[in-house]
Amino acid sequence: MQKKFKKVLVANRGEIAIRIFRACSELGIRTVGIYSNEDKNSLFRTKADESYLVGKDKGPIEAYLSIDEIINLALKKGVDAIHPGYGFLAESPEFARKCEEVGIEFIGPTYDMMQNLGDKIKSKKVASSVGVPTIPGIEEKVHSEEDAIKFANYCGYPVMLKAAAGGGGRGMRAVRDEKDLIREYYSAKNEAKKAFGVDDIFIEKYLEKPKHIEVQILGDKYGNIVHLYERDCSIQRRHQKVIEYTPAFSITEELRQRICNDAVKIAKAVNYRGAGTVEFLLDKYGNHYFIEVNPRIQVEHTVSEMVTGIDIVQSQILIAEGYSLDSKEIGIKGQESVEPRGYAIQCRVTTEDPLNNFSPDTGTIDIYRTGSGFGIRLDGGTGFAGATISPYYDSLLVKVTAWSRTFEDAVRKANRALREIKIRGVKTNVPFLINVLNHEDFLSGKCDTGFITYNPELFE
Ligand code: ADP
């Protein structure tokens, strides 16, 4: 059964809101945007067909978390479906359930899937149950300091303390000995409580300098699941991604297939629906370990779109409308029909100062010029001359994605597009990104998650 949406509300802001508005427009769907007091003058809201202020008496973040207000607005405006984007309410089972209750389609997995996958302890159990390797550890939450010590001794130092609800690298601490552990245990718990409202912590082995490889998944409402191959997201600072690319050409074809198949196994285990990502870490011996599922669209989805030609955001909407993957509208006729071509690299241009520990910069942009040309895709929408960059939100300004038939040329194109950027008034990480692209370890595909920490010359 299909239901064509006439109106979709996007419960998000910035570049991802615009990305979703575009997909809706292409599908002939009218768009409804929301914005906070702080975003009154932000460009993204003018890109929706209609947009409304939410959280008038709330803070800048809370505005986008106002579940009841957003749902009431959607009902009042005759909205058929809500797309949550990433962050904010994207992984809130409560939001998904409330949408369902009032008959509004939530563009994402169901309440039950989110319950199982959003929590890292539960999702590790799902992975283990279908024989996918997970990072050695204890798949239970830590109840006390004594528990923490016991679990860490069982894993053997170094260990990673992790928030079960974690995201964006928050509530995560690598600890090397018991003294570290006792100190960091409470600090990780506090950080998790602040960021996610729950402070459940678990412990697993800390892997030294792993690679981060993740697999894009799409599933429809009829149990069909495909993967759109992998992305290498090892270039990170503070456990957050900076540059992502596909394919992960430094791993063997056999390992690549094994990782993609394991991702599908996990998605099948929960009958996954919509777009999602299954993340793995790879140690230096070529062992891969599941770490988590992100049941939503991700910032780096662009690179998979460029090589497969599949519009992931449109697919999310069509899946929610009830189309099967092999329908004429989505057009994915089985796994064999997903044929990646060439190489794509995404660079996240942020208003951050790499020389000052990547702290976010704020102010008014005086000059805003971006690069373009053959092989370059830009996903932005918050930057223009006169725009104010506030301290309230994520510092992502524009995503520069380069595509080419060879990795070397994709790097050349990304480099060239970054050099064409001229932004004045706020500091950006553009010079830093260029240094990464020109580093020989990056070019050889060797980078692991320690790359930025261990290469101080990137900051010169
Ligand atoms: P989040 O949900 O906060 O993004 P993830 O579990 O996805 O957290 O991990 C983010 C990053 O943290 C990984 O890509 C990796 O760099 C690092 N990381 C996570 N778990 C481990 C581990 N056990 N050992 C070493 N690094 C890890």
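**Close-up views of a predicted model**

**View 1. Lys7 meets strand 2.** The bridge partner of Lys7 in strand 2 is Arg30. The model shown here and in every view below is predicted. Strand 1 covers residues 7-10, and strand 2 covers residues 30-35. These two strands pair in the parallel sense, over 4 bridges. They belong to an open sheet of 5 strands. Read across that sheet, the order is 3-2-1-4-5, and the pairing is parallel. Which strands stand at the edges? They are strand 3 (50-53) and strand 5 (105-106). Each has a single partner strand, so one side of each is left without a neighbour in the sheet.

**View 2. An open sheet of 4 strands pairs in the antiparallel sense.** In what order do the strands lie? The order is 6-9-7-8. Strand 6 (137-138) and strand 8 (172-175) form the edges. Both have a single partner strand, so one side of each lacks a neighbour in the sheet. Strand 6 and strand 9 run antiparallel and are joined by 2 bridges. Look for Gly137, which stands opposite Glu204 in strand 9. In general, strands of a sheet pair through backbone hydrogen bonds, either parallel or antiparallel.

**View 3. The ligand sits among 21 residues.** Which of them come nearest? They are Lys120, Gly169, His212, Gln236 and Glu292. Polar atoms face the ligand at several points. An N or O atom in the side chain of Glu292 is 2.5 Å from an oxygen atom of the ligand. Gln236 places a polar side-chain atom 2.6 Å from a ligand oxygen atom. For Lys205 the contact is made by the backbone: a polar atom there is 2.9 Å from a nitrogen atom of the ligand. Taken alone, the ligand exposes 560 Å², and the protein buries 95% of that. Four elements each give two or more residues to the shell: strand 7 (159-163), strand 9 (201-205), strand 13 (274-282) and strand 14 (288-294). By class, the shell has 7 nonpolar, 8 polar and 6 charged residues.

**View 4. The second largest pocket holds about 200 Å³ of space.** Its lining includes Lys209, Pro210 and Lys211. Ser250 and Ile251 also line this pocket, as do Leu282, Asp283, Lys284 and Gly286. Lys446 and Asp448 are part of the lining too. How many of the lining residues are charged? The count is 6, alongside 3 nonpolar and 2 polar residues.

**View 5. Two peptide bonds before proline are cis.** One runs from Tyr157 to Pro158, with omega near -5 degrees. Pro158 lies in the loop between helix 6 (145-155) and strand 7. The other joins Thr246 and Pro247, where omega is about -10 degrees. Where is Pro247 found? This residue is in the loop between strand 12 (240-246) and helix 8 (253-269).

**View 6. Phe88 has a positive phi.** The angle is about 40 degrees, although Phe88 is not a glycine. Most residues other than glycine have a negative phi, and most peptide bonds are trans. Phe88 has its place in the loop between strand 4 (81-83) and helix 3 (93-101).

Note on methods
Residues numbered from 1 in each chain as written. Predicted model: local features only at pLDDT ≥ 70, side-chain atom pairs only at ≥ 80, totals over all residues. Heavy atoms only, no water. Near = heavy atom within 4 Å. Polar contact = N/O pair within 3.5 Å; in protein donor to acceptor, adjacent residues only side chain to side chain. Areas by Shrake-Rupley, 256 points an atom, 1.4 Å probe, with all protein chains shown as cover. Nonpolar A, V, L, I, M, F, W, Y, C, P; charged D, E, K, R; others polar. 1 Å grid on protein atoms, 1.4 Å probe; cavity = no way out; pocket = protein on both sides within 12 Å on 5 of 7 lines; lining within 4 Å. Points joined across faces, edges and corners; volume = space filled by probe spheres on them. Pairing = 2+ DSSP bridges.
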